[in-house]
Amino acid sequence: MDLQGQIIQYLATGLTLGSIYAMVGLGFTIIYNATGIINLAQGEFVMFGGLIMVFFTTTLGLPLFLSFFITLALTTGIGMLYERLFIHHPSKTAPLMTLLIITVAVSIFFRGIAMFIWGKEPYSLPHFSSPEPIIIGGAAILPQVFWILGLSLLAVILMNIFFNRTITGKAMSACAVNRVAASLVGIDVSKMVLLSFALSATLGALAGASITPIALMEYDRGPMLALKGFCAAVLGGLGFGTGAVVAGFLLGLIESFTTGFISSAFKEATALIILILVLFIKPSGIFGSAEVGKIKKI
Amino acid sequence: MNHKKLSKISLITAFTLFFCLSLTGPAMAQGPIKIGFVASITGGASWLGQPEKDTALMVQEWINKEGGIKGVPVQIIIEDSKSDASQAVLATKKLIDGDKVVAIIGSSTSGESMAMASICEAAKIPMISMAAALQIVTPADEYKRIAGTIESPRVQRPWIFKTPQTDTSAVEAIYAHMKKKGITKVGIVTVSDGFGSAGRNELKRMAPKYNINLVADEVYGPKDADMTAQLTKIRTSGAQAVINWSIGPTQVIVTKNWKSLAMGMPLYQSHGFGNKKNIELAGGSAEGVIAPLGRLIGWEKLPKIHPQYKVLSRYATEYEKRTKSDVSTFGGHGYDGLYLAIDSIKAVGPDRTKVRDFLENDIKNWPGTGGVFNMSATDHTGLDLSAFEMIQVVKGDWAFAK
């Protein structure tokens, strides 16, 4: 395999991993913007996305396309239920730290539920299209990789349009800037918070359902994904959707190229060292601005 | 008056006798013979502990149906370590001091077994672990001495035994197969947890013995989603074969990645691959994967005269009938541990020291589920690479590799 083939291979791997990190990171950002909470159960949305999809396709035998949308809908429902049951009421009085602890509890609770339903073993899904790899410039790339990349790019573009072009999206952005002011101009903040959890859950489900054919899924995959996604969100400048997405792809690429050209033993370390360096040099993240950071409370 | 005095004496005698008997404990009394059994029935390693517990219950039923050991019933006292070393230690202490068991089987994981071993050594009670690490049965100094060399240990911890095959044997079985195939340049990928790093050590340690040159040495995390990058690197390293050392989902992901890259070199997996589920999950990608597996996998294909055939067929059929689930090697480790203890007690009686001596000196050509055991003072596992068959995945099923 020549150098060109290798680079294409590492690029494909990096982008696949990166798109997952990006979607989890974007999920973090959406909830953070609307509520100021870091939702540590973000990885569990991905896990639910994968496992619910397994339930509908493998257990019930529904067609892939149909069960994909049922999975998105159900996981979105879980996200909304989560907000109404565990966040909505306490958020009126409890400090942010308490809410953060609640998300930890919910993450453990979700994992417990998943373990009861699906057990501890991993599950797989059929590929969305052919499982035969396509050879591009000497590198073998699975069609599923294109699905993952395509779906995540689509999600990112839709999110961008939503936040910048629609009234509801702008209202949510307003909540992010100043909740009191937003409610004073007639924005239903409570509804916006609910919506943020719904969107975040949908993104997680999208990521989970699309990676399960190549990466499998089991009940406790969430925390690791949440950690990587959180890194992406921080690296991109907490609160900046586009930043989280770009940083997510960057993290994936760094991991993949470190493995290829240095050593797989250092892949996590390299990614984390870069994170620390960036935060040292520019504490607001690559895309964050210090002024906006000051306005926001953490 | 004479009559009165006599009854007083007999009363005292009876009392003393009763007192003495209760002091000497259950070993002397006609109570059941007690064997302790510690397993990770709940918690993170419950996938090991659950089949082991089911096996213990089944063995207890069998042995008592056959009339126990020389007419004395056997009681297997099962304790749950909750996959936690400190819980395993507490359970061990309870079994030794409270239940006064003759021997202890346990526990499911190497970490727990290591913690229990020091207690059992101090209490001079034979312990048979169901975990694989060589450190369980080898004293720390001796283990340090052989690390980095191709030597095997010369001393063992006197009271500690174990039933699973060691990583070393699995590695040797793979290397022996490679040597036969003329493979000399090998790339390894290992998971960065306890199982993977122990395997990586052994892979590196034994390579010179089989003239194997490790041209790539890659690692990945236990929750990683994709190992394409690691495998691509191995592909460019000039390796003739890949060995992956992990358990859980990662071994299936590596299999899928290996297939999708069309690497043009065989993939060897560790002895942790022996579960039909892995073939199912890999969805066709596992075709051609080679792994060293104990004979509990594919026992139906063994010739009936094989020394292990009788044990394997009985255990596998009864286990599957009873639990309605596939037989696993882990339950088999429990079976071997229990029957080693039971056979020793049958031969020498419920005496801890005699049982230990018997286990060390008299377990020869003893067929278990894990292999044919030959214990000695320098080997408290009793199994070598002959405990493994090289198995290949052919048409979604196990077949003996050529």
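Begin by selecting residues 20–29 of chain B, a stretch over which pLDDT stays under 50 and for which the model has eight contacts beyond four places in sequence. This is a predicted model, and the reading for chain B as a whole is a mean pLDDT of 89, with 93% of its residues at 70 or more. For the model itself, the scores are ipTM 0.83 and pTM 0.81.

Next, colour chain B by its two domains, taking residues 33–165 together with 314–386 as domain 1 and residues 167–293 as domain 2. If you mark the C-alpha centre of each, you will find that domain 1 of chain B and domain 2 of chain B have centres 29 Å apart. Now look at where these two parts of chain B meet, for there 13 residues of domain 1 are in contact with 17 residues of domain 2. On the domain 1 side of that meeting place in chain B, the residues divide into six nonpolar, five polar and two charged.

Then bring chain A into view and select the place where the chains touch, in which 25 residues of chain B are in contact with 28 residues of chain A. Which elements of chain B give two or more residues to the side that touches chain A? They are the strand β7 (213–220) and the helices α8 (228–236), α9 (249–260) and α10 (276–282) of chain B. Pause on α8(B), since the largest share of this side, seven residues, comes from that helix. Coloured by residue class, the side of chain B that touches chain A shows 11 nonpolar, seven polar and seven charged residues.

Technical notes:
Residues are numbered from 1 along each chain as its sequence is written. Chains are lettered from A and ligands numbered from 1 in the order in which they are written. This is a predicted model: local features need pLDDT of at least 70, side-chain atom pairs count only at pLDDT 80 or more; totals for chains, interfaces and linings use all residues. Two residues are in contact if their C-beta atoms, placed from the backbone, lie within 7 Å. Helices (H or I, at least four residues) and strands (E, at least two) are DSSP runs, numbered from the N terminus. Ala, Val, Leu, Ile, Met, Phe, Trp, Tyr, Cys and Pro count as nonpolar, Asp, Glu, Lys and Arg as charged, and the others, Gly among them, as polar. Domain bounds come from an automatic or database domain assignment. pLDDT is the predictor's confidence in each residue, from 0 to 100.
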